[in-house]
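Here are my notes on this one, written so you can follow along with the model open. Have a look at the chain first, then work through the points in order.

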Amino acid sequence: MAQRSKSVYVCGNCSYESAKWYGKCPSCGEWNTMEEQAPVPVKGKSSISSRGIPIAPVQKLNEINSDIENRLRTGIGEFDRVLGGGIVEGSLVLLSGDPGIGKSTILLQVCQSLGKTNKILYVSGEESARQIKLRANRLGVDTENLFIIAETDVASIVEAIKSEKPNLVIIDSIQTMVIDEISSTAGSITQVRECTNIFMHLAKSMAISIFVVGHVNKDGAIAGPKVLEHIVDTVLYFEGERNYSYRLLRSAKNRFGSTNEIGVFEMTQQGMREVENPSLMMLSGRPKNTSGSCVACTMEGSRPILAEVQALVTGTGFGTPRRMCTGFDYNRMNMIIAVLEKRAGYYFNGMDAYLNVIGGFKLYEPAADLSVALALISSLKDEAVNEKTLAFGEIGLAGEIRVVNNCEQRISEAKRLGFEKCIIPFHSYKSISKELKTSIDIVPVRNIRSAYDVITEK
């Protein structure tokens with residue numbers, strides 16, 4: 001009698017396998033991530049020579065032709081920017097984001113742009129062909145080179161791709177795809193991993209670009225095994241607050257370009273609209289002569305973006321002062337407050353401090369420290385910051401303002417938007433060109449106290 005194969009338990013976070021279930025993964029320490037799966041059958045052992053497998057072709061690096069890099073231009077500038085200049089032929093791209101953020105919407109708009117000269121196959125596992133048609137009508141997508149297939153069986157999809165030979169394939173979504181030979185349900189770790197592997201080999205062998213839409217879990221991470229992100233060539237994240245119409249497209253991984261670029265979009269009734277000047281969008285509606293407001297400049301790849309930082313410091317009604325932060329790291333704000341108290345003499349004892357970056361934008365760069373500090377001091381002293389002034393610089397624990405990169409690009413963007421004064425780190429002043437120094441008032445500062453004295457000048 002054949003021995004019955006036992007199930008295995010696989011961690012959805014780190015792919016750790018175990019013969020029994022654990023509430024907490026022994027490898028990564030995450031709770032409730034172990035999922036039961038049927039074991040993958042192991043083939044009998046045999047030597048390579050007995051199987052008669054041909055030797056894989058070996059090439060010298062210098063003999064490989066890399067002169068031509070075929071990229072498909074989507075016609076959406078912000079989308080191409082994040083991809084590194086367009087869709088690389090034969091690449092596998094994972095697009096992820098929260099439900100309703102606009103993943104399917106922007107992919108249909110890409111189909112409209114690319115459909116003029118390329119054949120596109122849209123595979124939907126969540127919607128019927130009629131539902132996609134209704135959404136396409138709303139978005140104005142009417143290209144004749146877009147073909148729809150509502151299917152979840154990977155074998156049928158692969159045959160359709162080989163038969164139609166499209167230039168671009170969109171899989172919406174990978175969590176709905178299934179392989180009949182695998183007994184686990186759709187969206188399980190095994191199904192997602194094996195389905196992605198099949199699409200990866202198909203993209204490389206046929207030189208077809210494939211977009212894969214991925215769901216996220218409640219923590220915001222991509223649902224499925226972590227190996228999913230390793231398999232694909234590019235990982236794109238759609239970010240955005242539910243209460244705002246603006247969306248940010250970030251690249252977490254890109255084998256063919258930079259991972260620092262972002263694309264800014266606005267969700268409208270007609271779909272995603274490019275925001276070519278995000279700084280102007282972030283600063284629109286800025287109040288005048290109001291304390292607690294300062295403009296920061298952060299670099300997203302090669303693009304400088306200006307954002308308004310607002311702070312509110314007021315007396316507390318509790319025994320312990322409250323600290324709240326939106327769009328900026330909470331622990332870093334507490335560190336800046338500690339530096340202001342110890343090194344600059346601005347005391348926040350008994351005061352609640354609230355910090356917010358306008359527009360749902362998030363500031364990750366240390367260069368925003370100076371703007372955050374100045375906004376906090378401005379609200380504490382109830383003195384308005386000059387509205388034509390911009391500041392950037394990293395704050396050290398000694399209260400010094402440290403050097404940041406790309407000073408000239410930041411100052412040039414401020415000048416273009418009508419700012420008249422820039423507060424910069426003292427040691428960055430030497431790297432500024434003479435032409436830029438004469439066109440805008442640039443004030444170098446050594447510490448946070450001297451920076452506030454300058455920025456309140458009318």
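1. Let's start with cysteines. A disulfide here is a pair of cysteine sulfur atoms within 2.5 Å. By that rule, the count is 0 disulfides. In chemical terms, a disulfide is a covalent bond between the sulfur atoms of two cysteines.

2. Before going further, two notes on the numbers. This is a predicted model, where local features need pLDDT of at least 70 and side-chain atom pairs count only at pLDDT 80 or more, while totals for chains, interfaces and linings use all residues. Residues are numbered from 1 along each chain as its sequence is written, and side-chain values use heavy atoms, leaving out hydrogens and water.

3. Why is Cys 407 not in a disulfide? Its closest cysteine sulfur belongs to Cys 297 and sits 9.5 Å away, too far for a bond. Cys 407 is also buried, at 5% relative accessible area (buried means under 20%, exposed over 50%, and partly exposed in between, with a 1.4 Å probe and protein chains only).

4. Cys 422 tells a similar story: the closest cysteine sulfur is again in Cys 297, at 8.1 Å, which is too far for a bond. Cys 422 is buried too, with 0% relative accessibility.

5. Next, find helix α3, residues 103–114. (Helices are DSSP runs of H or I with at least four residues, strands are runs of E with at least two, and both are numbered from the N terminus.) From first C-alpha to last, the 12 residues of α3 reach 17 Å, close to the expected 16 Å; the expected span is 1.5 Å times one less than the number of residues.

6. How many residues of α3 are buried? The count is 10 of 12, so the helix is mostly covered. Among them are Lys 103, Ile 106, Val 110 and Leu 114.

7. Now for a small sheet. Three strands make an open sheet in the order β2-β1-β3, with antiparallel pairing. At the edges are β2 (17–18) and β3 (34–37), each pairing on one side only. Two strands pair if DSSP finds at least two bridges between them; β1 (residues 8–11) and β3 have 4. In one of these, Val 8 is matched with Gln 37 of β3.

8. Last stop: Ile 358, in the loop between β18 (351–357) and α10 (369–381). Is Ile 358 buried or partly exposed? It is partly exposed, at 23% relative accessible area. Leaving aside residues up to four places away in sequence, Ile 358 touches Met 282, Glu 308 and Gln 310, where contact means heavy atoms within 4.5 Å.
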